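The following exercises concern strand pairing, helix geometry, aromatic pairs and unusual backbone angles. Each task is followed by a solution in steps.

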Amino acid sequence: MTNHYICIHGHFYQPPRENAWLEAIELQDSAYPYHDWNARITSECYEANAASRVLDEESLIIGIVNNYARISFNFGPSLLGWMEANAPEVYQAVIDADAGSRERFSGHGSAMAQVYNHIIMPLANERDKRTQVLWGIRDFITRFGRRPEGMWLPETAADHETLDVMADAGIRFAVLNPGQAARTRAFDEKEWRDVSDGGIDPTAAYLQRLPSGREIALFFYDGPVSQAVGFEDLLNNGEDFARRLMSAFSDSREHAQLVHIATDGETFGHHHRHGDMALAYALDFIENSESVRLTNYGEFLEKHPPVHEVDIFDDRSWSCAHGIERWRDDCGCSSGDHPHWNQAWRKPLRDALDWLRDISATSYEKKMKRYVALPWKARDEYIDIVQDRSIETIEAFFSRNAEKTLTPSEIVTVLKLLEMQRRLMLMYTSCGWFFDEISGIETVQIIQYADRAMQLYNDVFENDLSEPFLDLLEQAKSNIPEHLNGRRIYEKFVYPARVDLKTVAAHYVISAMFQEGADEAAIYCYETSRMDHHWADVARARLETGRIAVTSRITQETGFFYFGVVYFGEHNLTCGVREDLTEESYQELRREIFECFEKADFALAIQIVSRYFESSLYSIKTLFRDEQRMIIQGILESALENTLSVYRNVYENHLALIRFLKSGDTPVPREFSSAAEIVLNHDLSLAFGREDLNGAVIRDLLEQTRMTGVPLHADTLEYTLRSTLYAIAEKLEQAPETNSLLEKLAAGVELVFSLPFDVSLRKIQNLFYNLMQNVYPGFREKALKGDEDAKQWIALFEEMIEKLKIRLDSQETTSARNEG
């Protein structure tokens, strides 16, 4: 049996993108045509690795495999939570891969846990370290149904205290950068050997003995090969990738050798297009080699436990040449995109967050002791509520932790304090310091977490911490003159994003003016209930008044609000929301405003709303981004149709002239070319969006674009056509015997090959590969017995398999219709 093993570890992680008040990712235009960057990277990487292609020498698909089942991997808890809600098939493939890896690797799952929200652990205090580890473990158990053996440290940043906390929590191993090892020695040796120059043998497991007497196993990945995967061209060829890994063994070593690498998982598909396929091919190549064997860390540790101990350097990582200074100082590490910028803002940013954490901790502990015996133990257990906000989970939490039966208002207070603590940890997410500029979206995100923590602190203690916090943040200077410093960035990008119950009420009221709203509705992590509702319409104008209750699912706090809103078409809307309006004032408001509205005195109606609601006025700009964009699109629809009609007249009336100018190499006036571009791309998008794809119409439109020389909006068109084909494929998956669906999909795929841009057929290939394995044999057997419908199905199916470049077994490529 070979004593050469290979393990590839992928660290799959995305920066937090959730709105700090809504617990959801809002629309991100930079990810177009996807809704957000999580969705885009899921398509390019996470989904691709869940069903990756293995090609033969003729570039035909001979296998579609789940890469996760054969590698070691970790996913950030927030990313897995997003995937569970937004990409459930991919999420399940990850969970299934861990279960499959246990069968493959002697009962050891390949999934590793991760410190909860990607904080730089050596920079955290001991209390936060413990909660981060416990939350990471708890999230892992909930998802994978087992305790984790290993835990991934963000940026591999480690110190002895962090490792001790992990060992105390039952974590058996971690993976580090070779430069983090200081010295090693065999168990039977007294003298240490210096390996501070990165000279540690990365093919063995090591034991780190800790000051507490605890122990943890450590693996140090192969640095040069990991570097080649992440930043060189090693993923251009799967066989080259495999051979590079296999070349890292040494005949001079007598012990069992583990060649293992670690890299960002997004390397396999997002950073390197088709990197998932290079990985799949390499894994297949290695599995078919008799000289090496794939493994994971847990299996290798069981079969070849450490015979050497190691002692690490504190405060080192894999992505900062200066240790962990990238996350607290201007060390010189940056993205390199702006060489003249500095990162002196990092230290005052961390100082401000540390101040907020520490002042909040004192108040938290004192206040929480009124309600629970052990405030920090309660925080450790709060992860149960974070994962499941149901009333049953909340009640179970308080039955374990509360000193007495708490009133509803006391429960709200405790939940606010616990949520404040969650935000005080989220604000340390490492991405906030990683890049070049304090006004970057990653840094603004963590300042939003800090602001949410301050908002909750003020709710409980009636003490606004924002001014002393901003005094500290002001010391963080921006590289961009108009942003000045951290205070100005807070004022521009953070404070305006604040949400409270009244803001949610305004969102519901305004959105209900454009689409019929139910009396009870869920708005992100809030529940709304309309208790009173009156309305009137005059021509295009509409008036509504009423009362509404808004409840936070996070804190269980409920607010009751009165509202009045007048709408005059397009974007002309004025909305007022107040909590402190008396019932008498509300009835007077209704009498006044309905009286003037029925007289069509709209100007007075706006004045009445402004008088009763004073400063609590809102507009369409108040809406949360997704709803706002949808409503604005609806408002624009009529105007855009009119504009398109104008452009169409320009294009059609001058088409002959445009073609004449183009044929004579004479520049086409921008007025004409713009009209052609808008009309033709619009018509193609409509044609691609119809399930009954009209090939003749589409080919004619494409010919017009060629003749006129206008650019195609390839991203939009590809996404639209792919979505249409996927919709047809989903119907075929539910009814694979339907020949008409096969024919429709075949026509669509044929169309794809005639386009001047690529269209991803991955999901369709996945479907047909599965049909080939599970449905095709049954139809083939029927066809061989003379079933004419089956023969027709076989003919269509084999034609599609050929178009999709999937190899059928040679015995089965003989058409059943001929055999019949």
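**Exercise 1. Pairing in the sheet**

Which residue of β16 does E520 stand opposite? Establish the pairing of β15, β16 and β17, and then place these strands in their sheet.

Solution. The model is a predicted one.

Step 1. E520 stands opposite S529 in β16. The strands β15 and β16 pair in the antiparallel sense, over four bridges. Two residues separate them in a hairpin, and Y524 in the turn has a positive phi of about 55 degrees.

Step 2. β16 is joined to β17 by twelve bridges, and these strands run antiparallel. Within this pair, T528 stands opposite V550 in β17. The hairpin of β16 and β17 has two residues between the strands, and A539 takes a positive phi near 55 degrees there.

Step 3. The strands belong to an open sheet of six, with the order β15-β16-β17-β18-β19-β20 and antiparallel pairing. Its edge strands, each pairing on one side only, are β15 (520–523) and β20 (617–618).

Step 4. At the β20 edge, two bridges join β19 (residues 573–578) to β20, and the two strands run antiparallel. G576 stands opposite L617 in β20.

Step 5. Helix α20 (residues 583–598) packs on the sheet and touches β16 (526–538), β17 (541–552) and β18 (558–567). The direction of α20 makes about 155 degrees with that of β17.

**Exercise 2. The length and surroundings of α22**

Determine whether the end-to-end distance of helix α22 agrees with its number of residues or departs from the expected span. Then describe the bend and the burial of the helix.

Solution.

Step 1. Helix α22 covers residues 625–653, which is 29 residues. At 1.5 Å a residue, the expected span is 42 Å.

Step 2. The end C-alpha atoms of α22 are 39 Å apart, which agrees with that expectation.

Step 3. The helix α22 bends by about 45 degrees at E637.

Step 4. The buried residues of α22 are E627, Q628, I631, L644 and Y651. What covers them includes α19 (501–512), α23 (655–663), α24 (670–688) and α25 (695–708).

**Exercise 3. Classifying aromatic pairs**

How are the pairs Y68 and F75, and F779 and W793, to be classified?

Solution.

Step 1. A pair of aromatic rings is described by the distance of the centres and the angle of the planes. The structure holds 36 aromatic pairs.

Step 2. For Y68 and F75, the ring centres are 5.6 Å apart and the planes stand at 65 degrees. Planes over 60 degrees apart count as edge-to-face, so the pair of Y68 and F75 is edge-to-face. Both Y68 and F75 are buried.

Step 3. For F779 and W793, the centres are 4.0 Å apart and the planes are at 15 degrees. Planes under 30 degrees apart count as stacked, so the pair of F779 and W793 is stacked.

Step 4. F779 lies in helix α29 (residues 776–784) and W793 in helix α30 (residues 788–803), so the pair ties together parts that are 14 residues apart in sequence. Both F779 and W793 are buried.

Step 5. One aromatic cluster is formed by Y5, F173, F219, Y297 and F300.

**Exercise 4. Unusual backbone geometry**

Where do P33, D665 and K805 lie, and what marks the backbone at each place?

Solution.

Step 1. Most residues other than glycine have a negative phi, and most peptide bonds are trans.

Step 2. A cis peptide bond joins Y32 and P33, with omega about 10 degrees. P33 is in the loop between β1 (4–12) and α1 (37–50).

Step 3. D665 has a positive phi of about 55 degrees although it is not a glycine. D665 lies in the loop between α23 and α24. With a relative accessible area of 73%, D665 is exposed.

Step 4. K805, also a residue other than glycine, has a positive phi, near 60 degrees. K805 lies in the loop between α30 and α31 (816–819). At a relative accessible area of 48%, K805 is partly exposed.

Definitions and conventions. Residues numbered from 1 in each chain as written. Predicted model: local features only at pLDDT ≥ 70, side-chain atom pairs only at ≥ 80, totals over all residues. Heavy atoms only, no water. Pairing = 2+ DSSP bridges. Contact = heavy atoms within 4.5 Å. Axes fitted to C-alpha atoms, helices over the stretch in contact; angles between N-to-C directions. Expected span 1.5 Å × (residues − 1). Bend = angle between axes of the 7 residues up to and from the residue. Buried < 20%, exposed > 50% of the residue type's maximum accessible area, 1.4 Å probe, protein only. Phe/Tyr/Trp six-rings, centres within 6.5 Å; stacked < 30°, edge-to-face > 60°.
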